[in-house]
Amino acid sequence: MGSDSDLKVVVLGLGYIGLPTAAVIARTGARVLGIDVSDHVVETVNSGRVHIEEVDLDGLVSGVVARGTLRASTQVEPADVFVIAVPTPFSDDHAPNIGYVLQAATSIAAVLKPGDTIILESTSPVGTTEQVRDLLAKLRPDLRVPGRTGEAADIAIAYCPERVLPGRILVELIDNDRVIGGITPRCARKALTFYRRFVRGACVTTNARAAEMTKLTENAFRDVNIAFANELSLVADTMGVDVWEVIRLANRHPRVNILQPGPGVGGHCIAVDPWFLVHAAPDQTPLIRTARLVNDGKTDHVIAQATALVEAHPGASIACLGLAFKANIDDFRESPALRVADALAARFGERVAIVEPYARTLPVSLSRHGARLIDVDTAIERCPIMIVLVDHDVFRSVPLEERRDKAVLDTRGIWPDQPQPASMLQPVRLAS
Ligand code: SAJ
């Protein structure tokens, strides 16, 4: 691959994973071209700015664009390494849609040359990397693809899932271990050489199918464990016990480590990926499926609890604290907080105010019902009811004396000293 500045890399998809990945590779001196279907994203990146909020990403992108090692385009160009980081959404029946991955592979096909490496990073159902291989073989019959015949291949194809946590992406891109699944061991080694340029964590090689399943397994593991915490929170409500205290105490056991309950599970990963496993093996996945349903059901439970609290305080203004899917980020995808706020706005209209320091405007689903965006100080002054939906640091830091008299539903357990209103001591049962 030559020296760093000789290496040309194309990253397809400049989203939450693609853009930070492109910028980190560009920092090594490689010449990186980021591809996106959106003109707005391409223009933003080319002007040295970012279209997403992520710690330290703005400074990194402006630096590598100024140095000339990162640029963006809507058109693919020839390169040595192609990294595919496009979305893999699912349809209403939870079937994964790999259309964007296949589109990206099609756009690469025209510029491929012997010696190139193609790496898929998008979360994908097992078998997708082989489908990419088959598609490339069809589009470029002149190139020998890996794993089809015994002979050496002209190109390398591997699957290497991203596993970074939003809010810590730049740190985890470097420090986390990587699982690299080659179509053949040779493909894996070729991809490993590439990741070694910027990854400090261990790079472990395997085959493509195992790497694909590993990614789905990681997120299903987390979903099942959060479901356990959420189920406990329902049990504790019924018993009139503080679930946060129970979890704290149980976690003093050396082999117990329970996660935190919340208003449900959001984001584009954990609330989505387990369905890829369920869809692939419906009869073998009752636990993974149930965990998904428990976590989604927790959001319905919170809506019922919040509605009961509001109805116990006729006419009072309601502050929903947070819309993001988790703390200290600006990402509202699949957010349970947004689902709860939407339900309250639909029912209580102008009484609902939203505090979300990471939003400049409210989603239409909220504003059309008359909900307003206010800051946390205004909420403390004007809203007798507070529904904590996200554990942003700025909410966590509100001291008891500023919220003592409020009617609070704290779905994240950030205010353990909050006196419980009488209405909350009685559990709310969901109609079955
Ligand atoms: N949540 C809880 N309780 C907890 C932990 C999380 O309710 O104890 C909720 C969060 O509030 C949020 C959701 O779960 O709504 C997901 O948050 P998260 O921080 O667990 O994960 P993500 O979606 O931001 O990122 C995950 C990570 N996967 C794992 O931790 C196994 C990340 O490493 C992956 O890269 C990412 O999914 C992905 O892209 O797949």
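Helix α4 (residues 99-109) gives four residues to the lining of the second largest pocket, the largest share from one element. Helices here are DSSP runs of H or I with at least four residues, numbered from the N terminus. A pocket is an open set of points, on a 1 Å grid over the protein atoms alone, where a 1.4 Å probe fits, with protein on both sides within 12 Å along at least five of seven lines; lining residues have an atom within 4 Å of a point.

Please note that this is a predicted model, in which local features need pLDDT of at least 70, side-chain atom pairs count only at pLDDT 80 or more, and totals for chains, interfaces and linings use all residues. Residues are numbered from 1 along each chain as its sequence is written, and side-chain values use heavy atoms, with hydrogens and water left out.

To continue with the second largest pocket, its volume is about 860 Å³, a volume being the space filled by probe spheres set on the grid points, which are joined across faces, edges and corners. Of its 35 lining residues, Ala85, Val86, Pro87, Thr88 and Tyr100 lie nearest the centre.

I turn now to the largest pocket. This pocket holds about 1000 Å³ of space and has 39 lining residues, with Leu165, Arg222, Ile226, Ile270 and Lys326 nearest its centre. Two elements, α8 (208-239) and α9 (243-250), each give two or more residues to this lining. The largest share, seven residues, belongs to α8. Domain 1 (8-200) and domain 2 (218-424) each supply at least three residues to the lining of the largest pocket; the domain bounds come from an automatic or database domain assignment.

Which residues are closest to the ligand? They are Glu162, Lys215, Asn219, Arg222 and Gln260, among 20 that surround the ligand, each with a heavy atom within 4 Å of it. Three side chains place an N or O atom beside a ligand oxygen atom: Glu162 at 2.5 Å, Lys215 at 2.6 Å and Arg222 at 2.5 Å. The protein covers 90% of the 770 Å² of accessible area that the ligand has on its own, with areas taken from the Shrake-Rupley method with a 1.4 Å probe.

Definitions and conventions. Polar contact = N/O pair within 3.5 Å; in protein donor to acceptor, adjacent residues only side chain to side chain.
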